[in-house]
Amino acid sequence: MAGGAASGGGPRADTYAADRTWLLLPAWVTLSILVLAPVAMMLVYSFLTKEFRGGVIWEFSLAAYDQFFFDRGLFGDEPPRIEWTYILIFWRSIWQAGAATLLSLLIGLPTAYYIATRPARQRAVWLFLITIPYWVNLLIRTVSMKFLLRDQGPLNDALLGLGVIDAPLSIVNTNLAVQLGLFYSYLPFMVLPIYAAVERYNFALSEAAADLYATRWVILRRILLPNVRPGIIAGCVLVFVPSLGSFLAPDLLGGARNFMIGSLIEEQFKGNAGNWPFGAAASMILLTLVLILLLAFARAQSRESR
Amino acid sequence: MSDERAAAIDVRDAVKRYGDFTALKRISLSIADNEFFTLLGPSGCGKTTLLRMIAGFEDVTEGAIFLFGDEIETLPPHKRPVNTVFQNYALFPHMTVQENVGFGLEMLGRSRAEARARAGEMLEMVQLSQFAARKPAQLSGGQQQRVALARALAPQPKVLLLDEPLSALDLKLRKAMQLELKHLQRDTGITFIFVTHDQEEALTMSDRIAVMSAGEVQQLGTARDIYERPRNMFVADFIGETNLLEVHVDRIAEGRALCHLGGGHALSCDAVDGVGVGARVHLSVRPERLALSAAAQGDESLAGTVREHVFVGTDITTLVDLAGGISLRVRSANSARASAQMFEPGAAVHVTMEQGAGRLLVD
C-alpha cells in the first residue's frame with residue numbers, strides 16, 4: 001500500500017511493504033545457499049544408503065539412524081539392543097563443551113569487565129590483543145597448545161622449576177587438555193559479547209547500589225550480573241555450540257579415548273572408510289540436540305524476565 | 001560519636017585534585033541540620049564533585065568531612081548514612097518499582113516484610129502506589145524521578161543528596177517538583193543538599209545557597225542575600241539578570257559611595273568593605289530596580305534614548321542607550337504596559353535607580 005502512512009496509519013505504518021520482498025531478497029538468497037541448502041542436503045543424505053567406498057546410493061534407508069541408536073550384533077541378525085557407544089560420545093561431548101564454556105566464562109567475564117572499564121584508548125589495545133591469536137590458523141594453535149601442555153613442555157618445566165610439583169603433570173590426552181584446547185579456541189567469543197554488554201552497562205547503577213548500602217559482592221550479584229546477562233548468554237552459546245562440534249582439539253589433545261562428536265562425524269567423510277549417511281545422521285542428531293538445548297534455554301530466560 | 005547538635009555536614013578544607021587539575025580548591029562549609037542547602041554553579045564548577053565526595057564516590061585529596069560530628073571521608077559509600085538521588089535516577093532496570101524502593105532497607109538487613117511495608121509507605125508518599133509492580137522503563141520521566149526520591153528516602157538517611165534531579169524534566173513538571181521537594185524536606189526534617197546549575201531553581205527552594213565557580217565557593221547566603229547583595233562579578237552575573245556598569249568611586253561619605261559611570265553620569269550606592277575612593281570596580285543594578293520616566297526624577301536620573309523593547313510575557317525589558325556608550329536594561333511589569341509603551345524606540349527618557357538598589361562588587 002504505497003503512501004499508506006498518509007491515510008492515518010501513523011508514523012509506524014509500513015511504507016515499504018511493497019518493496020519489502022525485493023529488499024529482503026539478498027538475505028534470503030544468502031541464507032538459502034549457505035544454510036538451508038546444506039542442511040537440506042544433510043537431511044536427505046542421512047536417509048540414503050551408504051556406498052562402501054564413500055558416497056551414497058540413491059535409495060531410501062533408515063540404516064544410518066538405526067546404526068546410531070541400536071546394536072544388532074556383528075551380522076545384523078540379533079534382536080536390537082540400545083547402542084551406547086555413540087550416545088556416550090554425545091554425552092561426553094556435551095560435558096566437555098559445557099566444561100569449556102564454564103572455564104571460558106570464569107576467565108572471560110573478569111577479562112571483559114577489566115577491558116570495558118579501561119579508558120577508551122586502552123580498550124582498543126586490549127581488544128586487539130585478545131583477537132591477535134585468531135589470525136593464526138586454529139590447527140597451528142591447537143598443535144602449539146599440545147607442545148605447551150606435554151610432559152616436557154614449558155608448562156610442566158615452569159611448574160617443576162618453581163617447585164610446585166615434583167613430577168610432570170600428564171595433561172595431554174586427558175579431558176582437561178581437551179577443555180583447555182576448546183577454551184583457548186573460543187575464548188574471544190565469550191569475551192567480546194560480555195565486553196559489549198559491560199560497556200553498555202550504566203555504572204551509575206553500581207554507585208546507586210553502593211549508596212543504598214550494598215557491598216561490592218552484592219552489587220556484582222544483584223546489579224551488574226543481571227544487567228549484563230544478555231552478553232553472558234550470548235557468550236555461552238557462542239562458545240558451547242562450536243565446542244560441541246569441534247574435532248581439532250579433541251583429536252590433537254584428547255587422543256583416542258576422548259573422542260567427541262565432531263571427530264566421529266569427521267571420520268565418516270574421510271577417505272574411503274567413511275559412511276556418509278551415518279555422518280549425515282549424526283550431524284542431524286547433533287543439530288536437533290543443539291536446537292532443543294537453545295530453545296529450552298531461551299524459554300527459561302523469557303520466563304524469568306517476565 | 002554522633003552529636004545531634006553538630007552540623008549535618010561539615011566540610012573542612014576539602015581539596016580535590018585529579019593529577020594536575022584542581023577541581024576543588026580548599027572548600028569549607030557547614031550545613032545545618034534540617035536545612036535545604038543548594039550548591040549552585042555552572043557545569044565544571046566542582047559542585048557535583050563536592051556532592052560525590054560527601055556520598056563517598058570520590059576520594060578527598062585533602063581535608064575532612066564530618067556528618068553530625070562523625071568523620072566520614074574515609075568510609076566507603078555503603079557505610080555512610082546518606083542517600084543520593086542521581087541525575088538520571090539510576091533506577092535498577094531489572095527490578096520492580098517496589099524492589100527498587102525496598103533495596104536500601106533490604107541491604108540494611110531489615111526483613112523482607114519490613115522492607116516491603118516501608119517501600120509501600122514511601123510509594124504512597126510520592127503517589128505511585130499503583131505502579132509498585134511495574135519496571136522503571138514503564139514509567140514516565142516524572143514518575144521515575146519520584147521513584148528515585150522514594151528509594152533514597154526509604155532508608156531514612158541523615159542527609160539526602162540530590163544531584164540535579166530535576167534537570168531531565170520539562171519546565172512545568174520541574175516547577176511542580178520544586179515545590180514538592182521543598183515540602184518533602186520540611187515534612188521529613190531531613191537535611192537536603194541539592195546540586196543544580198539552574199539559579200531560579202536554587203532561589204525557589206533553598207534555605208541557603210553556595211554559589212560555586214572554578215572550584216571555589218564564591219558566596220554563601222540566603223537566596224535574598226545572594227540576589228540582592230552579590231559579593232562579586234561572578235555571582236551578580238550568574239544569578240538573575242543584571243546591569244554591570246564599570247564605575248570609578250569618586251567619594252565615600254556616611255556609608256554612601258558616589259560613583260562615576262563615564263559619559264557624565266553618576267550614581268550613589270552603599271559603600272562596601274574592600275572598595276575605597278579611586279577604585280575602578282563594577283556596579284550591579286538589577287533591571288527591575290530601574291524605572292523609566294519622561295522627566296528627570298531627582299538629581300541622579302540618567303538621560304538616554306530608548307533602543308528597543310523585548311517582550312518576555314510577565315515583563316517587558318527596555319534597552320536604553322546612555323551617553324558614553326553605556327547601555328542599560330530596564331524591566332517593567334507587563335501590567336504597567338501603558339507606561340512602557342509611551343516610549344517609542346528613539347524617544348528620550350530618564351532612567352532612575354531605586355534607593356539602595358546599586359551594589360558595588362569586589363573584584
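Leaving out neighbours within four places in sequence, B:Asn83 is in contact with three residues of the other chain, A:Asp211, A:Leu212 and A:Tyr213, and with B:Ala152, B:Pro155, B:Pro157, B:Val159, B:Leu160 and B:Leu161 of its own. These contacts belong to a predicted model. The predictor gives the complex an ipTM of 0.82 and a pTM of 0.80. For chain B the mean pLDDT is 89, with 96% of the residues at 70 or more.

B:Asn83 sits in strand E6 of chain B, which runs over residues 82-85. Its relative accessible area is 0%, and because buried means under 20%, B:Asn83 counts as buried.

One of the contacts of B:Asn83, A:Tyr213, can be followed into chain A. A:Tyr213 belongs to the loop between helix H8 (204-211) and helix H9 (216-244). With a relative accessible area of 10%, A:Tyr213 is buried too. Its backbone is also worth a look: phi is near 75°, a positive value in a residue other than glycine.

Chain B offers another case of positive phi. B:Phe68 is not a glycine, yet its phi is about 45°. This residue lies in the loop between strand E4 (62-67) and strand E5 (70-71) of chain B. B:Phe68 is buried, its relative accessible area being 3%.

Back in chain A, helix H11 covers residues 261-268. Seven of its eight residues are buried, so the helix is largely enclosed by the rest of the structure. The buried residues of H11(A) are A:Ile261, A:Gly262, A:Ser263, A:Leu264, A:Ile265, A:Glu266 and A:Gln268.

The wider view of chain A comes next. The chain contains 12 helices and four strands. Its radius of gyration is 25 Å, whereas a compact globule of 306 residues would have one near 19 Å. Along the principal axes, the C-alpha trace spans about 75 × 70 × 35 Å. Of the 306 residues of chain A, 35% count as buried. Among the contacts in chain A between residues at least 6 apart in sequence, 61% join residues at least 24 apart.

The surface and charges complete the picture of chain A. Its accessible surface comes to about 18100 Å², and carbon and sulfur atoms account for 69% of that area. Chain A carries 23 positive and 19 negative charges, and the mean positions of the two sets are 10 Å apart.

Technical notes:
Residues numbered from 1 in each chain as written. Chains lettered and ligands numbered in written order. Predicted model: local features only at pLDDT ≥ 70, side-chain atom pairs only at ≥ 80, totals over all residues. Heavy atoms only, no water. Helix = DSSP H or I, 4+ residues; strand = E, 2+ residues; numbered from the N terminus. Rg over C-alpha atoms; globule rule 2.2 N^0.38 Å. Buried < 20%, exposed > 50% of the residue type's maximum accessible area, 1.4 Å probe, protein only. Contact = heavy atoms within 4.5 Å. Areas by Shrake-Rupley, 256 points an atom, 1.4 Å probe, with all protein chains shown as cover. Lys, Arg positive; Asp, Glu negative; His and termini not counted. Charge placed at Lys NZ, Arg CZ, Asp CG, Glu CD. pLDDT = per-residue confidence, 0-100.
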